[in-house]
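Grab a pencil and have a go at these exercises before you peek at the solutions.

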Amino acid sequence: MEIRKLIDLLRATIDPNQRQQAEAQLDQASETCARSGAACRCPAIIHKIIGFAPSLLQVVMMADCDMPVRQAGAIYLKNLISTSWQDREAEAGQPMPFALHEQDRALIRDSIVDAVVHAPDLIRTQLCTCVNHMVKHDFPERWTQIVDKISVYLSNPDPSGWHGALLCLYQLVKNFEYKKAEERGPLHEAMNLLLPQLYQLEVRLLPDPSEQSVLLQKEGLKVYFALTQYILPLDLISKEAFAQWMEVCRQVVERPVPPAALQPDEDERPDLPWWKCKKWALHILYRMFERYGSPGSVTKEYNEFAEWYLQTFSAGILEVLLRVLDSYRGGHWVLPPRVLQQTLNYLNQAVSHAHTWKILKFHMPAIIQDVLFPLMSYSAEDHELWTVDPHEYIRVKFDVFEDFVSPVTAAQTLLHSACKKRKDMLQKTMVMITQILTNNATEPAQKDGALHMVGSLADILLKKRMYRDQLDQLFIKYVFPEFNSDRGHMRARACWVLHYFAEFNFKQENVLVEAVNLTVRALLYDKDLPVKVEAAIALQSMLNYQERSHKYIEPQVKQIALELLTIIRETENEDVTGVMQKLVCVFTKQLIPIAVEICQHLATTFNQVLDTDEGSDEKAITAMGLLNTIETLLTVMDEQPEVMRLLEPTVLQVVAHVLQNAVQEFYEEVLALIYDLTSKQISPDMWKVFELIYQVFMKNGIDHFTDMMPALHNYITIDTDAFLSDEQRLLAIYNMCKEILTKDCGEDPESHAAKLLEVVLLQCRKKIDQAAPMLVELAATRLLREVKTSELRTMCLQVLIAALYYDPQLLFSVLQKMPDFTNHFVKQWLHDTDCFLGIHDRKLCVLGLCTLISMPNKPPALIEMAPKVVPSLILLFEGLKRAYAAKAAEAAEEEESESSYDDLEANVLSSDEDEIDDQAQQYLENLSRRALGVEAPTGMNVSATINDIDDTSDDDDSDFEPNEETVLESYTTPLDEEDCDVDEYQAFKQVMTALQNQDPEWYNALTTNLNEQQLKSLNEVCLLADQRAAARESKRIEQQGGYIFTQQAVPTTFKFGDTNS
């Protein structure tokens, strides 16, 4: 394509008057265009012309072209490579997706590294994304030369090529960063050449403190971090090479920064390359120590390395970091937050090891006093943010992502570790805190820091009797007075302390009463919003841990609820929505009069958040919290039908808003609301919502089918007559299941679709004779295609078994239309009986087999497999016995014992002890084993010949955990109801007794080959059948006002024909 024409088109895309037409020429695709790769001259499909993509790259690299045009070209090239680089197979009935011709791809592979090297910074980012995508699909099979290109630039003495080469190397390594060791072979082969060159370049650059040099050093450290973050390749990085990189990091951390790095404002310093370089060096040092260098906390392949690391490096690096902190506390360095945070993280790791603690313990008191305490105190920056933008103050303080990078959180963690794990540290710290709190000259900011430290140590103090016994006095003297402080941050800190000590068992009732009253007063009447938020969180903790506090909160609960709604609307804070949820759960009865007002308030706030949402994560989390609070309200009001009726219109406004506007990120929460509104009864408006769900599914909601399942289950089971009164409703269920089972949606959604078909057949038994064959055919047809998981295979079989239970003639009339399917179905069923789990699946399987062996016209495969039928049934009954026992045990274990406060002196380590994290070590090793050992299940294709079934497989499912209830078992059917008349044990006994009396030849075929153990198991099943019948009769008489006791003896022999059995 002509370069000049392409430049004109790109220039037009940045002209508002020509943009639409130009973009149409670049982007539109023609369905009639030949997709063979031949050059096309249609202007509407320019991007498909061979040579277009390389021409685009050529324009991007033209130094005499306007920068905006080059940027437009770079963005278009990035998008083109991202969407059309790799060859893709066409979906059924769809044309072949466009992919760049191999001739173009080869040209781009040859020149992209050179382009990154020579491109200006404004364009490099787009080109690096191109490199990343190309590496993902082409390395190493089609693009080994990227390694050679990078190597040439790294070894070239000309520094102009180093930056681009490092950026390309980073993209190469990033593609393998999260891959397992056995998948990283091509990278390690490349790094055998490139890693020594990278090291040599770092060493060459280290003496040069210029901004450009330090920027290159930072890029090199980023590459090393990405290479080693999750796997340390000991075959690639020898001990000598590792030591060299540790020395590089040590030098980077310890070297002074030039005056230029200290001149900008503190907020701007973290972006300077000198500090960024230190940050990445600290990232590496901490990661090596934490993941590979901590004996007792690493996987076994790093055990030897960890011991070597600890003895060789930990002390030297620790001394460097102590000097850094000494410069920081002396005011010589003002460290950026991330540098300080990573430094404290390293010290935190050092606390656990005797080797490093021996060095650290002498410095720890000074670190606590001069580093941690100032960090944990109310700062000038905090005050400015509180004053100028209290909403932002709240957002920052409650942002969980902030905790991962905050030096304040790192200080809190280090303080906690030292006081919990090392002897005398708690006592020394508490002496220091007491001195600060008792000193009348203490500034409010310092008092805040002291209380912050006390709250951070709350869980430790609560387990030490010496301190626990003094907590009442701590609250009275130092916490309660701050509720009356004229400084808002001190009132907020007082609430925060109560939140952290909420588990304390108050010795004096009046202290608890005062704590509750002060917190409620702060929530209701304080003028500062951050104080109200902290008070709300403290109140939630009291509701969680102080049951005695409920009676003191109850008189003002309506006022509290309404105030919480106001705070939620003003702050859009997710944590406060959690407080509202707790309040609704605890004071359900008291809040009934204002339930509708609460719901309307939450709905209005949700709409407000949606209207102002600019895609931020915080907004999305807040909106989800609001929806979850509405769901909590519906759940606790579930037994109040009149209240539910009044809540429904408000909730439906939210539901309609989300579904009609296709706000997919909230589909899961909204579908949960629909489930709640249909759990007891279904109003005419909710049937309209059913239609809306169907429309959403067919339009863009197929990925949310599993989220729709609970509500769809309600529509079928709560009001079955209404469901069947309009045949379009059943047709909608059929169409949704058909979409899932005939498209490549994944086997989990497919299992859910099969479950829904089974539910329909069992719930609507004898009521959908015309439609039932269509449902059966869906499941049977799915079994003819490849099935990878036993769950999906079992669920599809279960649909057929449900149809057999519904009407045997109906099932076999469908299966007979499919050549030889009936025999395969019977054989697969008997082969897979060990795959039926839980109570429902096994019960249905038993009832299905009982129906099958009772049929007058038996399939040939059943007669052939007769000796396996009763053993399969015995296996199912053994599983049922375990499942019923597990269900009973689970019910009995619902009461949890309260944890006691014990002194945890055993957790304190002496100076020569290491902390060994056995559980974490075992977990890491198990995780590693699983990652290496998991293989894709092969599955069993029902359409295969019977020879494919492995009859030697072990039909024992005894290694399942006792609690085998599957996720799908929660979708109940009439067979699962407590008062269900159908008992699988009695049904089995009745069928076998009838067969023995009426068809002895068939009975003998079923039982002749049973061994002694199987006969014994059969006896136990029949005894259980009698016991269950007697228990059912006793329950019936008890409900009528009387009760009978039965006692059963286990017979030593058993005959089905014996009336005494």
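Below are three short exercises, each with a worked solution.

This is a predicted model, so local features need pLDDT of at least 70 and side-chain atom pairs count only at pLDDT 80 or more, while totals for chains, interfaces and linings use all residues. Residues are numbered from 1 along each chain as its sequence is written, and side-chain values use heavy atoms, leaving out hydrogens and water.

**Exercise 1.** Find how many helices and strands the protein has, and what share of its residues is buried.

*Solution.* Start with the DSSP runs (helices are H or I, at least four residues; strands are E, at least two). You get 52 helices and 0 strands. Next, look at burial (buried means under 20% relative accessible area, exposed over 50%, partly exposed in between, with a 1.4 Å probe and protein chains only). Of the 1061 residues, 52% are buried.

**Exercise 2.** Work out which helix holds Glu384, and whether Glu384 is buried or exposed.

*Solution.* First, locate the residue: Glu384 sits in helix H17, which covers residues 380–388. Then check its relative accessible area, which is 51%. That value is over 50%, so Glu384 counts as exposed.

**Exercise 3.** Place Ile621 in its helix and classify its exposure.

*Solution.* Helix H34, spanning residues 617–636, contains Ile621. Now take its relative accessible area: 32%. This lies between the 20% and 50% cut-offs, so Ile621 is partly exposed.
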